[in-house]
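Here is a short briefing to read alongside the sequence and the 3D view. Keep both open while you go through the points.

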Amino acid sequence: MPKEITTLVTFFGATGDLAKRKLYPSVYNLYKKGFLVEHFGILGTSRAELSTKQFQVMVHDSIKEFMNEEAPQDFLKHFDYQRADITTPEDYAPLKALIEEMDEKFALKGNRIFYMSVAPRFFGTVAKLLKSEGLLSENGEFNRLMIEKPFGSDYETAEKLNNELSHAFSEDQVYRIDHYLGKEMVQNIAALRFGNPMFTKSWNRDSIDNIQVTLSETLGVEDRAGYYDTAGALRDMIQNHTMQIVGWLAMDEPATWTDRDIRIAKNAAFNSLKIYTPDEVAENFVRGQYGPNAIGTQVGYLDEKDVPADSQNNTFVAGKLQFDSYRWQGVPFYIRTGKRLAAKTTRIDIVFKKDYNLFDSNQPLSNDVLTIIIDPEGRIEYKIAAKATTAEFKTRPITLKWKASDEDKAQTPEPYERMIHDTMDGNGSNFADWNGVAVAWKFVDAVQSAWDSVHQDFPNYVSGTMGPAASDELLEREDREWIYKG
Ligand code: NAD
């Protein structure tokens, strides 16, 4: 039986795209599954003037549009709305009054979640005003804050934002969303690593040669140049999603499976990440920017709408991470991400060390590889050595394969549903904590500032390939290669 959750959730940005596409459908799923029954209230607020009825119709219509389902009135009656300009302190009084009214109406025990589905420049202001205007409950079990990305645009802005939040919320009340952490196959990393003695025992420098994480996209910048040209692949994909995936791969076994101990274990790994000097950045990191595709039907980045003709922005990043720890001494973590690459996929390749071939010392064994495919669909593949079907006793690589079934997919919660549920449940295991975010920014800032001081000739890769030649060379130099070739 699902555990019924008692809480009020206030959605700031209630008329926005994210709320309609993801948040209301997620709340509806939690209702259908029995996590939300009687004692829940959903308060929407934004700049738009809407009556309660109009808001309920909007929620109904978004569930219809994105789930093709009719939400019943029994569900919709838990939704209410209050217009507010979130930068105006006076606008918080009516919000507070409605929160208190809903609290009483649905018997919510003063439990409160505030979800900031608004532009990042508002995050700090809202947190401050929630506290100063008295919207945090004093007698409930919890006040929690869910916060959208991006969390700052470099270490300095992230630290400033974190300080602003910490005036109103303590670290364990802040749920920083990274939707990659809500993905089923990212959560599967821990099950694979720690649920199989064979992998648990070999997940270290004795057995692993290198680890590769690839997040590749086929799309170009589309209409997001305004944001993307200031962020690039480094800040848009490496600082957050890639680093959070690396956290699960690099951590030691937590003392217990509580969110607190998981964070402690992950942070020990993050804190051992080597931050590079400019020379080390040049040695260990590659940046790219896409040009037209081979047949000339797609323009290069510099010819995209709203991109400055002399942009030095990176649309591709490949690099090597090094952890100064007993477990990972000498084991490179190669990461790469980019736009307009050969295929859309998110995957991890764990490359095991080659061993002496005791069957034929002239014929080296190939590396065993454990592959975890996160997107576009969940798959696990394990390439191992087995006997070749010839008269001689020789080996050949074979691949064991598993893929998520239709039933698996149907019952897998969407990342947003899982994150809203986990916040209601007070489980921060799959959210980014401040220490991890801070280390990732320090690392990424070091790379960006080294790049800022050196001009690079762009474009340097053809759309529809797996990035610049320098990305392959990064591994070839060390007698390695990318397992995934697109
Ligand atoms: P949006 O522009 O569609 O909606 C913004 C909302 O904020 C609207 O409801 C608007 O009324 C409200 N708003 C703006 N200024 C306000 C003010 N002064 N006072 C009160 N309300 C105000 O934005 P979105 O796409 O829904 O994104 C919201 C957040 O989620 C952003 O932080 C974004 O980075 C993040 N995000 C969005 C998506 C997505 O798929 N849309 C995905 C990941 C993260």
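The points below cover an annotated domain, the ligand site, a helix pair and some backbone details. This is a predicted model. UniProt, in an unreviewed entry, places a "Glucose-6-phosphate dehydrogenase NAD-binding" domain at residues 11–188. A ligand has 20 residues around it. Helices H7 and H9 come within 9 Å of each other, axis to axis.

**Annotated domain**
- The record gives the domain the span 11–188, and the entry is unreviewed.
- Helix makes up 43% of residues 11–188, and strand makes up 15%.
- The C-alpha atoms at the two ends of this span are 29 Å apart.

**Ligand site**
- Which of the 20 residues around the ligand come nearest? They are Thr15, Asp17, Leu18, Arg21 and Val118.
- The side chain of Thr15 places an N or O atom 2.7 Å from a ligand oxygen.
- Gly13 uses its backbone instead: an N or O atom there lies 3.4 Å from an oxygen atom of the ligand.
- Arg47 also offers a backbone N or O atom, 3.4 Å from a nitrogen atom of the ligand.

**Helix pair H7 and H9**
- Two packed helices are described by the angle and the distance between their axes.
- H7 covers residues 184–195, and H9 covers residues 225–250.
- Their axes cross at roughly 10 degrees. Angles under 35 degrees count as roughly parallel, so H7 and H9 are roughly parallel to each other.
- On the H7 side, the contact involves Val186, Ile189, Ala190 and Arg193.
- On the H9 side, it involves Ile245, Trp248, Leu249 and Ala250.
- What is the make-up of the contact of H7 with H9? Seven of its residues are nonpolar, none is polar and one is charged.

**Backbone details**
- Most peptide bonds are trans, and most residues other than glycine have a negative phi.
- The bond from Asp375 to Pro376 is cis, with omega near 0 degrees.
- Pro376 sits in the loop between strand E13 (369–375) and strand E14 (379–387).
- The bond from Phe458 to Pro459 is also cis, with omega near -5 degrees.
- Pro459 belongs to the loop between helix H14 (434–452) and strand E16 (461–463).
- Lys109 is not a glycine, yet its phi is positive, at about 55 degrees.
- Where is Lys109 found? Its place is the loop between helix H4 (92–105) and strand E4 (112–116).

How values were computed
Residues are numbered from 1 along each chain as its sequence is written. This is a predicted model: local features need pLDDT of at least 70, side-chain atom pairs count only at pLDDT 80 or more; totals for chains, interfaces and linings use all residues. Side-chain values use heavy atoms; hydrogens and water are left out. Axes are lines fitted to C-alpha atoms, for helices over the stretch in contact, and angles run from 0 to 180 degrees between N-to-C directions. Helices (H or I, at least four residues) and strands (E, at least two) are DSSP runs, numbered from the N terminus. Angles under 35 degrees count as roughly parallel, over 145 as roughly antiparallel, 65 to 115 as roughly perpendicular and the rest as oblique. Contact means heavy atoms within 4.5 Å. Ala, Val, Leu, Ile, Met, Phe, Trp, Tyr, Cys and Pro count as nonpolar, Asp, Glu, Lys and Arg as charged, and the others, Gly among them, as polar. UniProt positions are given in the numbering used here, feature names are shortened, and annotations may be inferred rather than shown by experiment. A residue is near a molecule or strand if one of its heavy atoms lies within 4 Å of it. A polar contact is a pair of N or O atoms within 3.5 Å; within protein, one must be able to donate a hydrogen and the other to accept it, and residues adjacent in sequence count only if both atoms are side-chain atoms.
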